[in-house]
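This report considers how the helices and nonpolar cores of one protein chain are arranged. The sequence and the structure are shown below.

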Amino acid sequence: MIYDEWLKWSKFREPLLKALAQGYGSHTEDDVLVRIAAGDYKLWTWESAALVTYFVDYPRFKALNMFIYGGDLRELASKQAEVEAYAVRSGAKRCLAGGRVGWERIFPDYKKHAVMYYKDI
């Protein structure tokens, strides 16, 4: 199974690493791959898009965090219902997605709560 996940990752490695680079240094490629292999993160791949998700357990609800995305944005947008159905089946009450302001095109039915800024100190 680990080899299969690596093959899927490899197909989308370049765009996924580009997305990961926008993550404020929170994860390396190895960090993500270890969590995928352990089953903590889920790697979704389709014909021309990929997504990495994981669950966040808040005190009041469980949420699916759509962590990094790569590939064709139209295909990703067309797969949102599939991802959201998985979240519901898994007991999540919310899906989360972060990213640049332009992601509003991909998630038109999602509410925008804030834009994240950060400073290393």
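## Cores and helix packing

In this predicted model, the largest nonpolar core has 16 residues, and those with the most contacts inside it are Trp46, Leu51, Met66, Tyr69, Leu76 and Val83. At least two residues of this core come from each of β2, β3 and α5. Another core, of 15 residues, lies apart from it and includes Leu16, Leu33, Tyr54 and Val56.

Within the former core, Leu51 has contacts beyond four places away in sequence with Lys42, Leu43, Trp44, Trp46, Met66, Ile68, Tyr69, Leu76 and Val83.

Helix α5 (residues 80-89) has the buried residues Gln80, Val83, Tyr86 and Ala87. Viewed down the axis of α5, these residues fall within an arc of 125 degrees, so they line one face of the helix. The face turned away from the buried side of α5 carries the exposed residues Ala81, Val88 and Arg89. The elements against which the buried residues of α5 pack are listed here.

| Element | Residues |
|---|---|
| β1 | 41-45 |
| β2 | 49-57 |
| β3 | 62-71 |
| α4 | 73-78 |
| β4 | 94-97 |

Just after α5, Gly91 adopts a positive phi of about 90 degrees.

Helices α1 (residues 2-11) and α2 (residues 13-20) pack at an angle of about 80 degrees, and their axes are 5 Å apart. Because angles of 65 to 115 degrees count as roughly perpendicular, α1 is described as roughly perpendicular to α2. In this contact, Trp6, Trp9, Ser10 and Lys11 of α1 meet Arg13, Leu16 and Leu17 of α2. By class, the contact of α1 with α2 comprises four nonpolar, one polar and two charged residues.

Methods:
Residues are numbered from 1 along each chain as its sequence is written. This is a predicted model: local features need pLDDT of at least 70, side-chain atom pairs count only at pLDDT 80 or more; totals for chains, interfaces and linings use all residues. Side-chain values use heavy atoms; hydrogens and water are left out. Axes are lines fitted to C-alpha atoms, for helices over the stretch in contact, and angles run from 0 to 180 degrees between N-to-C directions. Helices (H or I, at least four residues) and strands (E, at least two) are DSSP runs, numbered from the N terminus. Angles under 35 degrees count as roughly parallel, over 145 as roughly antiparallel, 65 to 115 as roughly perpendicular and the rest as oblique. Contact means heavy atoms within 4.5 Å. Ala, Val, Leu, Ile, Met, Phe, Trp, Tyr, Cys and Pro count as nonpolar, Asp, Glu, Lys and Arg as charged, and the others, Gly among them, as polar. Buried means under 20% relative accessible area, exposed over 50%, partly exposed in between (1.4 Å probe, protein chains only). The arc is that of the directions from the helix axis to the C-beta atoms. A nonpolar core is a set of buried Ala, Val, Leu, Ile, Met, Phe, Trp, Tyr and Cys residues joined through side-chain atoms within 4.5 Å.
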